[in-house]
Amino acid sequence: GLQKAAIAAGNDLLFGLRYSGNTAMLITGIGHVGADRSATAVFSQENGNLVNPKLIYDYTDYNTIAYAADAGKDAEQAIIETTNPNIALRSVASRRETWVNSSGETVDAVTADGQAEVMSAYPRIRFDAEIISNQRTPYNRPVSGGWRLGDIVKANFGGQSFNVLVKAVHV
């Protein structure tokens, strides 16, 4: 239903809680559905509230091969295949191709345009972890470092800082 439609559109269907006094209402939406608490809710291993953190380097949306073509027509058109060896050699299943219309007038210029396309690929870094409610970051207390389902919080790991979405809560 809704979740399949959201995924097909390139979005996640997310859930959150909206509070009014002592009443909580489950809400759904696309994008973040809670509050941005990244300035006050900070999670890290040093704070004792971050467990099993990991960085995932995602290359799935990157082109590994570019076919660069000059402005020639039909048999006169030069087509050069260029590769990003840093990504392409990881697996034969990682081959992803793209077409580059080059304005280059020499083979070297066309090759450079194709190479620029595939070398511009950087991995999307995804962060995954379990966060723990503790005195510093209590669950369901949106003051003084608290957080709720659907909120954006900050996580520090591996010398990097991430604004992350709380997608699930185990109680």
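**Figure 1. The pairing of strand 9 with strand 10 in the predicted model.** In this predicted model, V153 stands opposite V164 of strand 10. A second facing pair is formed by N156 and S161, the latter also in strand 10. Strand 9 and strand 10 (residues 160-165) run antiparallel and are joined by six bridges. The hairpin of these two strands has two residues between them, and within the hairpin G158 takes a positive phi near 60°. By way of background, most residues other than glycine have a negative phi.

**Figure 2. The open sheet that contains strand 9 and strand 10.** Three strands make up this open sheet, in the order 3-9-10, and their pairing is mixed. The edges are occupied by strand 3 (42-44) and strand 10; each has a single partner strand, so one side of each is left without a neighbour in the sheet. From one strand to the next, the twist averages 30°. In a regular strand, side chains alternate between the two faces of the sheet.

**Figure 3. The surroundings of D151.** D151 is placed in the loop between strand 8 (124-131) and strand 9 (152-157). Is D151 buried or exposed? Its relative accessibility is 2%, and D151 therefore counts as buried, since the cut-off for a buried residue is under 20% relative accessible area. When neighbours within four places in sequence are left aside, D151 is in contact with G34, A35, R37, V164, L165 and V166. For A35, the backbone nitrogen lies 2.8 Å from a polar atom of the D151 side chain. V164, one of the residues in contact with D151, is also the residue of strand 10 that V153 stands opposite.

**Figure 4. The contact between E130 and N52.** E130 belongs to strand 8, while N52 belongs to strand 4 (residues 50-58). The side chains of E130 and N52 are joined by a polar contact of 3.1 Å. Not counting residues up to four places away in sequence, E130 touches N49, L50, V51 and N52. Although E130 and N49 are 81 residues apart in sequence, their C-alpha atoms are 8.3 Å apart in space. With a relative accessible area of 46%, E130 is partly exposed. N52 has a positive phi of about 55°, although N52 is not a glycine. For comparison, most residues other than glycine have a negative phi.

**Figure 5. The open sheet of strand 5, strand 6 and strand 7.** The three strands form an open sheet in the order 6-5-7, with mixed pairing. Which strands stand at the edges? Strand 6 and strand 7 do, each with a single partner strand, so one side of each is left without a neighbour in the sheet. The twist averages 25° from one strand to the next. Strand 5 and strand 7 pair in the parallel sense, over five bridges. A69 stands opposite N101, which is in strand 7.

**Figure 6. Helix 3 and the strands against which its buried residues pack.** Helix 3 (residues 107-119) has 13 residues, and the distance from its first C-alpha to its last is 18 Å, close to the 18 Å expected at 1.5 Å a residue. Its buried residues are V110, G114 and V118. Seen down the axis of helix 3, these buried residues fall within an arc of 70°, so they line one face of the helix. An α-helix has 3.6 residues a turn, so residues three or four places apart point the same way. Against which strands do the buried residues of helix 3 pack? They pack against strand 5 (65-69), strand 6 (79-83) and strand 7 (97-101). Helix 3 lies across these three strands and runs at about 40° to strand 6.

**Figure 7. The setting of the close-up views within the chain.** The chain contains three helices and ten strands. Read along the sequence, these elements follow the pattern α-β-β-β-β-β-β-α-β-α-β-β-β. The chain has 171 residues, of which 32% count as buried. Among contacts between residues at least 6 apart in sequence, 59% join residues at least 24 apart. The pair E130 and N49, shown in Figure 4, is 81 residues apart in sequence.

Note on methods: Residues numbered from 1 in each chain as written. Predicted model: local features only at pLDDT ≥ 70, side-chain atom pairs only at ≥ 80, totals over all residues. Heavy atoms only, no water. Helix = DSSP H or I, 4+ residues; strand = E, 2+ residues; numbered from the N terminus. Expected span 1.5 Å × (residues − 1). Buried < 20%, exposed > 50% of the residue type's maximum accessible area, 1.4 Å probe, protein only. Arc of directions from axis to C-beta. Contact = heavy atoms within 4.5 Å. Polar contact = N/O pair within 3.5 Å; in protein donor to acceptor, adjacent residues only side chain to side chain. Pairing = 2+ DSSP bridges. Axes fitted to C-alpha atoms, helices over the stretch in contact; angles between N-to-C directions.
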